[in-house]
Amino acid sequence: MGTRIDGINFFVVVFFRLTFSLSTVSSSCQVEVCSREYARATASEHITRGPSYQYCTVLRSYSECIRATARSCRGNLEYHSILSLVMQWSNDFNCSYIIAHGRPEYPPFYNGRVKPRPTFATQCTYKGRFQNNIVYNHCGLFGDPHLRTFHNEFQTCRVLGAWPLIDNSYLAVQVTNSAVVKDGAATATSKVTIIIREHSPCSPEKTFVAQTDFLPGVFVDGTKSSGPDKNVRIKEEVPGRHVEIYIRHISTRIVLHQIGHYLTFAIRIPQEVAIQNGRSDSFELCAKGCPKQERIDYSRLFSLPNQWIPIVTKNGKATITVQQAAKMCREFNVTDFYFDACIFDLLTTGDSSFSQAARQAMKDVIALYPSSVGMPNNQSFFLSGRINLDERGILINKSSQTAFNIILTAILILLFLCLND
């Protein structure tokens, strides 16, 4: 007798190989990874196909994994075939109902002792891969707009219109940036859409939408929480101005403010959740940063104002001088990247609420991610000494000034030598 092969795993392997042979598989499509994980989970836990809580939860994970590959697997026959099969199995076994109302089924004894049933509170508390030793990432978006990525990169971007900040199997966040003034290049965030994806038994899918002058304290269905022990909940810190969303099963905290007419966004999220996809075709700004063609090098604006100010301001003129902007930003007690962002926004918009947004963004990062304060790549271009102001408020590039001084000194020496010949 040969080794007995579990029927379901044999069927899955044969099915996958047949569909693979009939399709043109994209090198970037990772659906086979999901299939291998499904086969491993059913084999290692001795789970057989059928209407059980254990099988349905494995099937749900399989479905989530497949859907996470959707963008890279468009037009891939294997992807579509497997997704259809998984959906059929889920419907055949009524898995939506079983997961929502069922309980994990354990044998009465496990290694000679009664195995305790895990509570929903335990199931819905994120522990991470290394058992509570969680490494967090932070992403923030504020102002005109300025982005801090999960990798602690600091960028200033145009990104007009709708852009995804985060898109993984647990969470999706999209922002819409609108023009601040007509005929100006400045943009700011006017809408934030957050989708907390279904994760049974911890929470059904929940959607939150905020827009200019509408920062609600509830999800779109009118609720403030969902899941066992309010696993997902909204806390309205200041009605219409400051809202926070907590997601316990992924240990995530989202902070939203409306300052002036625009919104700011900040998140603290476990690293392994934040960058779980890692796909090269992903457009998540928090994970990938802004596309290069959308980035603005504000350090060049500061050092070459005559070239850049006409490009990024209304009617080609700054609304205030750099000296005035620097004075206002110092009064708001912002430092490092946030100081430069403050000056940039005042030059391009003249709106003091952007200074408040920079201050609030800095306060949020101190609260959510205090270890990042003073990072080397968080140093201000403006305060680093590379850029100075003269007494008229005109920008002086130190390297250019040094070169000018050297040339002037050389000319004076030559004049002195000529006069003494």
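The protein has 14 helices and 14 strands, where helices (H or I, at least four residues) and strands (E, at least two) are DSSP runs numbered from the N terminus. The model is predicted: local features need pLDDT of at least 70, side-chain atom pairs count only at pLDDT 80 or more, and totals for chains, interfaces and linings use all residues. Residues are numbered from 1 along each chain as its sequence is written, and side-chain values use heavy atoms, with hydrogens and water left out.

Begin with the whole protein. Of its 421 residues, 46% are buried, that is, under 20% relative accessible area with a 1.4 Å probe, protein chains only.

Next, select the open sheet. Its eight strands follow the order β3-β2-β1-β12-β11-β10-β9-β8, with antiparallel pairing; two strands pair if DSSP finds at least two bridges between them. Strands β3 (154-156) and β8 (225-226) stand at the edges and have a single partner strand each, so one side of each lacks a neighbour in the sheet.

Now select residues 252-259, strand β11, together with residues 262-270, strand β12; seven bridges join this antiparallel pair. Which residue of β12 is the bridge partner of I259? The partner is Y262.

Then add helix α12 (residues 336-349), which packs on the sheet and touches β1 (136-142), β2 (146-148) and β3. Contact here means heavy atoms within 4.5 Å. The direction of α12 makes about 165° with that of β2; axes are lines fitted to C-alpha atoms, for helices over the stretch in contact, and angles run from 0 to 180 degrees between N-to-C directions.

Finally, select helix α13 (residues 353-368), which packs on the sheet against β1, β2, β11 and β12. The direction of α13 makes about 165° with that of β11.

Technical notes: Buried means under 20% relative accessible area, exposed over 50%, partly exposed in between (1.4 Å probe, protein chains only).
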